[in-house]
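User: Could you take a close look at one part of this model for me? I'd like to see how the last helix sits against everything else.

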Amino acid sequence: MKGFIAAAAATAITGALAAPSPVEKGPITARAPAAACATPVTLSGNPFASRSVFANPFYASEVKEAAAQITDSALAAKALKVADIGTFQWIDTRAKISIIEDTLKEVPCDKLAAFVIYDLPGRDCAAKASNGELAVGDINIYKSEYIDPIVALFKKYPNTAIALVIEPDSLPNLVTNSDKTACKNSASGYREGVAYALKQLNLPNIAMYIDAGHGGWLGWNDNLKPGAKELATVYKNAGSPKQVRGFATNVAGWNAWDLTPGEFSKATDAQWNKCQNEKLYVEAFSPELKSAGMPAQAIVDTGRNGVQGLRKEWGHWCNVNGAGFGRRPSSSTGSSLTDAFVWVKPGGESDGTSDSSATRYDSFCGMEDAFKPSPEAGAWHQAYFEMLVKNANPPL
Ligand code: BGC
């Protein structure tokens, strides 16, 4: 993921917690999978208030394998703790749809399954590292072979609570990168695809957050209103689906939550951006979104923002060197506009290859502040994972 740069309802607290199944009254080792939960879930309000994100088996096994390779036993023990931290699962190809059910089968009644919907035609139009499997124009494939089967699976598990981040980078790229040919060509498919996803995924057991970039992207004074308008228009075109809760920020990003003054507040262009940390961004973007007619609660990815002061510019997005795991997922954010800190990017999966001969090589992944060597986007990156563990802040 990534590309960019850019210069110049809240409803009542949470929905019915599914009734605990009889198994849950047994020994604490016996966790009831959601399929066995008695009641269909209807989410309203902050879905993270009563349920934390389930540590999905896909990432947990990546982490366990990684920890097993670490010879320093103290570090290995810390690494292993990451396997228990609830992290979003990316459905970045049609082939990955098959892993959704592995997770849904196992989610206990008191947890949320969390996924990223990420397979738009012409994906990652402003960068190369995460170019996807569907070409511009493949909108019918996106609908019928990607969204529809996912919806069918979610419908099979009405008793399971699910949180979704919708299509990282897509709408933000239309706000700031529409001068790029690939983004211009992708625009109508992005808008149609996101609206379709929102409409079809609008099930009672689902809460959706549309990606809104981060403070260094749509936080510029000139981008706040157009950004809000872009998201709200797509939302309204989808029929204002009830289960859209708001927006996601800092997905796979690096910005601090509330560092003051912000990391780039001394930059020469800082005067044009009031959103020097994610908290300020949420506080500025949320009211714009609300007045544009969209629900505007936020979730913020704090998975890899534990260390600050690493990037030359805050548009640098690829495998930032020196990074550490950040704040643990939590619904105690101290911000009424922010539902939760979440780990969206699975720390240890690469942002993009540093091999300059690769088709998906993006120059951001070869920059001075990027960790090298690095494998293809999404591939496991052992050395990077170990660094995240070592530099975790708070420590693991
Ligand atoms: C990659 C995806 C991957 C995701 C999570 C993105 O940058 O393009 O393939 O699933 O990151 O690691």
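Analyst: Sure, starting with the residues themselves: Q382, Y384, F385, E386, M387, L388 and V389 are the buried ones in α9, where buried means under 20% relative accessible area, exposed over 50% and partly exposed in between (1.4 Å probe, protein chains only). Helices here are DSSP runs of H or I with at least four residues, strands are E runs of at least two, and both are numbered from the N terminus. This is a predicted model, so local features need pLDDT of at least 70 and side-chain atom pairs count only at pLDDT 80 or more, while totals for chains, interfaces and linings use all residues. Residues are numbered from 1 along each chain as its sequence is written, and side-chain values use heavy atoms, with hydrogens and water left out.

Back to the helix: α9 covers residues 382-390, and because seven of its nine residues are buried, it is largely enclosed by the rest of the structure. What do those buried residues pack against? Their partners are α1 (57-68) and α2 (73-81), with contact meaning heavy atoms within 4.5 Å.

Zooming out, the protein chain has nine helices and eight strands. Buried residues account for 59% of its 396 residues. The C-alpha atoms fit a box of roughly 60 × 55 × 40 Å along the principal axes.
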